[in-house]
Amino acid sequence: MKFFICNECDKVINLDTDDIELKCCNKKMEEINLSNEDNHVISLQRLGNFVNIKIDDGKHSMNNVHKIVFIIIETSEGYHKKYLNSEESLCDFILTSNEVLKRIWCYCNLHGLFMMEL
Ligand SMILES: [Fe+2]
């Protein structure tokens, strides 16, 4: 999966492909690479089909200046994406019975893109 950002409006999108040119605000969107920092800890709890994902144990900053923008889980069947709008840096997903978790991605507007391989 590839992630791209508009350096004008900070919009971030994700795509399965990178063979198209993406534009936003009349400028080419730039690909985002994984952050080199290790200051964001992704954790998960799975109970049956229910998955709870936390970033920094749910305590990452969630104000307009510094927040987790979204969390994506990649599974054997595709992707699930949620934008975070609460005061806690966590969210829940429900999987189908045979769906296998592969990766978890999260994007912090200040520190960038993080991924955990499962
Ligand atoms: Fe952060």
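Which residue in β5 is the bridge partner of F4? I start with that small detail, and the answer is E31, which is the residue that F4 is bridged to in β5. Please keep in mind throughout that what we are looking at is a predicted model.

Let me first lay out the chain as a whole. The domain assignment divides the protein chain into domain 1, covering 1–32, and domain 2, covering 36–117. Between the C-alpha centres of domain 1 and domain 2 there is a distance of 20 Å, and the contact is made by six residues from domain 1 together with seven residues from domain 2. If we look at the side of domain 1 that touches domain 2 and sort its residues by class, we find four nonpolar, one polar and one charged.

Now to the sheet that contains the pair I opened with. This is an open sheet of three strands, arranged in the order β2-β1-β5 and paired in the antiparallel sense. Its edge strands are β2, at 12–15, and β5, at 30–32, each of which pairs on one side only, and from one strand to the next the twist averages 40 degrees.

Strand β1, residues 2–5, is joined to β5 by three bridges in the antiparallel sense, and besides the pair of F4 and E31 we can see I5 standing opposite E30 in β5. Towards β2, strand β1 makes four bridges, and these two strands also run antiparallel; here F3 has N14 in β2 as its bridge partner. The connection between β1 and β2 is a hairpin with six residues between the strands, and in its turn D10 has a positive phi of about 70 degrees.

As a general point, side chains in a regular strand alternate between the two faces of the sheet. In β1 we can follow that directly, since F3 and I5 point to one face and are buried, whereas K2 and F4 point to the other face and are not buried.

Let me move on to the second sheet, which is open as well and consists of four strands in the order β9-β8-β11-β12, with antiparallel pairing. At its edges stand β9, 78–83, and β12, 112–117, each with a single partner strand, and therefore one side of each is left without a neighbour in the sheet. Neighbouring strands here are turned against each other by 15 degrees on average, with direction ignored. Between β8 and β9, which run antiparallel, there are six bridges, and one pair to look for is E74 with its bridge partner Y79 in β9.

Finally, the nonpolar core. The largest one has 16 residues, and those with the most contacts inside it are I53, I68, I71, I73, C91, I104 and C106. Two or more residues are given to this core by each of β7 (50–55), β8 (68–75), β10 (90–94) and β11 (101–108), and the element that gives the most is β11, with five residues.

What does I73 touch, not counting residues up to four places away in sequence? With those neighbours set aside, I73 touches V51, I53, H80, F93, L101 and I104, and of these I53 and I104 also appear, together with I73, among the residues with the most contacts inside the core.

Terms used:
Residues are numbered from 1 along each chain as its sequence is written. This is a predicted model: local features need pLDDT of at least 70, side-chain atom pairs count only at pLDDT 80 or more; totals for chains, interfaces and linings use all residues. Domain bounds come from an automatic or database domain assignment. Two residues are in contact if their C-beta atoms, placed from the backbone, lie within 7 Å. Ala, Val, Leu, Ile, Met, Phe, Trp, Tyr, Cys and Pro count as nonpolar, Asp, Glu, Lys and Arg as charged, and the others, Gly among them, as polar. A nonpolar core is a set of buried Ala, Val, Leu, Ile, Met, Phe, Trp, Tyr and Cys residues joined through C-beta atoms within 7 Å. A residue is buried if 20 or more other C-beta atoms lie within 10 Å of its own, exposed if 12 or fewer, and partly exposed in between; C-beta atoms are placed from the backbone. Two strands pair if DSSP finds at least two bridges between them. Axes are lines fitted to C-alpha atoms, for helices over the stretch in contact, and angles run from 0 to 180 degrees between N-to-C directions.
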